[in-house]
Amino acid sequence: MKIPYSKLKSECKYFDFFYKPLLNIVLLNGYKSRIQKGLVDSGADYILINTSIAKDIGELELAIPGIDNSNFTTKVGFVNSASVGVLIGQKGFFD
């Protein structure tokens, strides 16, 4: 699978923009679903999801839009950090 890199405006005055490997991921819980951009990070061990998202949707199943039969259930960690939305690490995604 090739992950597209998204061009993002930098918040730092010394850089205009930067590129990040972002992937749309669907977070599912029964009839509830939410599409979220996830940062694919091969250096991260686990999938981490911000607690505010967890409160909104509860226990999760994940899927990748546009890929048939891509739904999978995996263990994820939850983090209360303004800088983390969805971080897609190795365990549960790469394997």
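# A guided tour of the predicted chain

Among contacts in the protein chain between residues at least 6 apart in sequence, 55% join residues at least 24 apart. Keep in mind throughout that what is on the screen is a predicted model.

**The whole chain**

Begin with the entire protein chain selected and shown as a cartoon, where two helices and seven strands can be picked out. Followed from the N terminus, these elements come in the order β-β-β-β-α-β-β-β-α. If you then reduce the view to the C-alpha trace, its extent along the principal axes is about 45 × 30 × 25 Å. The radius of gyration is 14 Å, which agrees with the value near 12 Å that a compact globule of 95 residues would have. Switching to a surface view brings up an accessible surface of about 6700 Å², and carbon and sulfur atoms account for 51% of that area. Of the 95 residues, 32% count as buried.

**Tyr 5 and the patch on the surface**

With the surface still shown, select Tyr 5, Phe 17 and Tyr 19, which together make a nonpolar surface patch of about 360 Å². Tyr 5 belongs to strand S1, which covers residues 5-9, and this tyrosine counts as exposed because its relative accessible area is 56%, where exposed means over 50%.

**Lys 20, a contact of Tyr 5**

Next, select Lys 20, which is placed in strand S2, a run of residues 17-29. Its relative accessibility of 31% makes Lys 20 partly exposed. When residues up to four places away in sequence are set aside, Lys 20 touches Pro 4, Tyr 5, Ser 6, Leu 8 and Leu 39, so the tyrosine of the previous stop appears again in this list. For a sense of distance, you can also draw a line from the C-alpha atom of Lys 20 to that of Tyr 46, a residue 26 places away along the chain, and the separation is 18 Å.

**Ser 10, in the loop between S1 and S2**

Go now to the loop between S1 and S2, where Ser 10 is found. Is Ser 10 buried or exposed? Its relative accessible area is 12%, and Ser 10 is therefore buried. Show the side chain of Ser 10 as sticks, and a polar atom of that side chain can be seen 3.0 Å from the backbone nitrogen of Cys 12. Beyond its neighbours within four places in sequence, Ser 10 is in contact with Phe 15, Asp 16, Phe 17 and Phe 18, and Phe 17 has already been met as part of the nonpolar patch.

**Leu 23 and Val 26, further along S2**

Return to strand S2 and select Leu 23, which counts as buried at 9% relative accessibility. Its contacts, not counting residues up to four places away in sequence, are Met 1, Ile 3, Gln 36, Lys 37, Gly 38, Val 40, Ile 64, Ile 88 and Phe 93. Ser 42 is 19 residues from Leu 23 in sequence, and their C-alpha atoms are 13 Å apart in space.

Val 26, also in strand S2, is likewise buried, with a relative accessibility of 14%. Leaving aside neighbours within four places in sequence, Val 26 is in contact with Ser 33, Arg 34, Ile 35, Glu 61, Leu 62, Ala 63 and Pro 65. From Val 26 to Ile 57, which is 31 residues away in sequence, the distance from C-alpha to C-alpha is 11 Å.

**Gln 36, in strand S3**

One of the contacts of Leu 23 is Gln 36, and this glutamine is the next residue to select, in strand S3, residues 32-40. Gln 36 counts as buried, since its relative accessibility is 17% and the limit for burial is under 20%. Which side chain makes a polar contact with the side chain of Gln 36? The partner is the side chain of Arg 34, at 3.0 Å. Apart from residues up to four places away in sequence, Gln 36 touches Leu 23, Asn 24, Ile 25, Leu 27, Ile 53 and Val 86.

**Val 84, the last stop**

Finish in the loop between strand S6 (77-79) and strand S7 (86-88), where Val 84 is found. Not counting residues up to four places away in sequence, Val 84 touches Leu 48, Asn 50 and Val 79. Gly 38 lies 46 residues from Val 84 along the chain, and the C-alpha atoms of the two are separated by 9.2 Å.

Conventions. Residues are numbered from 1 along each chain as its sequence is written. This is a predicted model: local features need pLDDT of at least 70, side-chain atom pairs count only at pLDDT 80 or more; totals for chains, interfaces and linings use all residues. Side-chain values use heavy atoms; hydrogens and water are left out. Patches are made of residues with over 30% relative accessible area and no salt bridge: like charges are joined within 9 Å, nonpolar side chains (Val, Leu, Ile, Met, Phe, Trp, Tyr) within 5 Å. Accessible areas come from the Shrake-Rupley method with a 1.4 Å probe; for residues, only the protein chains shown count as cover. A salt bridge is a side-chain nitrogen of Lys or Arg within 4 Å of a carboxyl oxygen of Asp or Glu. Helices (H or I, at least four residues) and strands (E, at least two) are DSSP runs, numbered from the N terminus. Buried means under 20% relative accessible area, exposed over 50%, partly exposed in between (1.4 Å probe, protein chains only). A polar contact is a pair of N or O atoms within 3.5 Å; within protein, one must be able to donate a hydrogen and the other to accept it, and residues adjacent in sequence count only if both atoms are side-chain atoms. Contact means heavy atoms within 4.5 Å. The radius of gyration is taken over C-alpha atoms; the globule rule is 2.2 Å times the number of residues to the power 0.38.
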